Amino acid sequence: MSSAVSSHTVAASSSTEQGKDPESPLTPLILPNGGWQAWATVFGAFLVQVCNFGYTSSFGVYQDFYVQEYITNASPSAISWIGSVNAFCLISGGVIAGRLYDRGYFYPLVWGGSLLTVFSLFMLSLAKPNHYYQVFLNQGLGAGLGGGLTYVPSIAITSHYFSTRRALAMTIIATGSSLGAIIHPIMLNNTFARLGFHDAVCASTGLVAGLLLIACCLMRTNMPIQQHYTRSLQSISSDWAYISATLGLMSFSIGFYFPQFYLQLDASIHGLNKDFAFYSLVVLNSASIVGRLLPGFLVNKLGAGNMITFATAMCAAAIFGMIGLSSTTSVVLIAIFYGFFAGTYVGLISPLMVSLSSDVSEIGLRMGIGFLFSGIGVLIGTPIGGVLLTERFIWWQAVLFSGMTGMLGSFFFAGMLVILHQRRNSKNTEKQ
């Protein structure tokens, strides 16, 4: 993309409150809306997603390996806490990282978070069989906290460069986690059997370290520091559309990770071909790439709020479908259907948060708070699913719980649309 792309003046607009245009202008600033540095930053943020959210989304491989081979003295529920704590720290860490990002600490966050992630994964490779606490501390806490420092800043940095292309840039970044969730499962499933746990995790860590180094060198900030912390909190606490969206994130996140953590194990337990079971997550995340890219081209016409409400409802339906999983065909259908709409959901979270922000200085904070509540849902969701699953693998109980919480999240997003519609009508009435 040529650096000659013309600059665009960004001015405050009421359309940011409609949930219709995540690329709506936010504040009177000059954004380049393209150029070499802008797209280099997007690529760097893309690589960050490959290494943090992409790795977390691959925990289903670890779940299967730990349950059946490496931590056989712990229950599936206890093991799922490793992945859920990792995801919680990664997502909810945004409430701190987002505020520090708003205050100008972008570089310490991405470099420090990357170093912590690589160190923790290397220490994970030294964890011994059936030593649950070693795996939990390194993979659950260490790698999760490292990812949490980089996750929100790497997404929010896009707002420094784009006005009319912001949603497209953010959905491109979001596809990084899907690509990572394809690369890492293939690599781990093939190296666990051939190299053993230590060497497989070391090889994986080497890949993550190289990609994060490139990412940190590519990303650059492009905006002066703005600090309105108290005013931002007051604005957020009275914004019922944002509150409803945040509750939707939390509720939906309770069930969101169940297919990603348990689909491979489910396929294995049902006696399907082991090689095929290994690639069930690859199918899911391949569909997710399409689901994350598509919204970037349609969101201006259909609206982020409308699309995320529909996508979460479809995800819940796919989770319910896991009750009938019994064959290769059913696994493929569920993986494709769920992967596509889960990708749409993930790809739209950041544009939705931007569309609900009345000022660019609030983006990091609003993303951080939204991801905090989302992380709480992730933290409790898969362990509860594991408890309901039991060691006898009663799948319908866990599936029913995850599907119902996913549908509740969709209802909250629908409530957000109603509030935005009423707000828009009220403004139109005042103008008349």
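A salt bridge here is a side-chain nitrogen of Lys or Arg sitting within 4 Å of a carboxyl oxygen of Asp or Glu. By that yardstick, this predicted model holds 2 salt bridges. Side chains of opposite charge can pair when their charged atoms come close.

Asp-239 turns up in both pairings, as Asp-239, Arg-366 and Arg-423 are linked in a network of salt bridges. In the pairing with Arg-366, the closest N and O atoms are 3.1 Å apart. This pair links distant parts of the chain, with Arg-366 in helix 17 (residues 363–389) and Asp-239 in the loop between helix 10 (229–237) and helix 11 (240–256), 127 residues apart. Arg-366 has just 1% relative accessibility, so it counts as buried, and Asp-239, at 8%, counts as buried too.

The other partner is Arg-423, whose side chain meets that of Asp-239 at 3.0 Å, N to O. Because Arg-423 lies in helix 18 (residues 395–431) and Asp-239 in the loop between helix 10 and helix 11, the pair ties together parts 184 residues apart in sequence. Arg-423 has 22% relative accessibility and therefore counts as partly exposed.

Turning to helix packing, helix 1 (residues 36–51) and helix 9 (residues 197–218) pack with their axes 8 Å apart, at an angle of about 155 degrees. That angle makes helix 1 roughly antiparallel to helix 9, and the crossing between helix 1 and helix 9 is left-handed.

Out on the surface, Leu-293, Leu-294, Phe-297, Leu-298 and Leu-302 make a nonpolar patch of about 420 Å². Of these residues, Leu-302 is found in helix 14 (residues 280–302) and, at 39% relative accessibility, counts as partly exposed.

Methods:
Residues numbered from 1 in each chain as written. Predicted model: local features only at pLDDT ≥ 70, side-chain atom pairs only at ≥ 80, totals over all residues. Heavy atoms only, no water. Patch = residues over 30% accessible without salt bridge, like charges linked within 9 Å, V, L, I, M, F, W, Y side chains within 5 Å. Areas by Shrake-Rupley, 256 points an atom, 1.4 Å probe, with all protein chains shown as cover. Helix = DSSP H or I, 4+ residues; strand = E, 2+ residues; numbered from the N terminus. Buried < 20%, exposed > 50% of the residue type's maximum accessible area, 1.4 Å probe, protein only. Axes fitted to C-alpha atoms, helices over the stretch in contact; angles between N-to-C directions. Parallel < 35°, antiparallel > 145°, perpendicular 65-115°, else oblique. Left-handed = near helix turned anticlockwise from the far one by under 90°.
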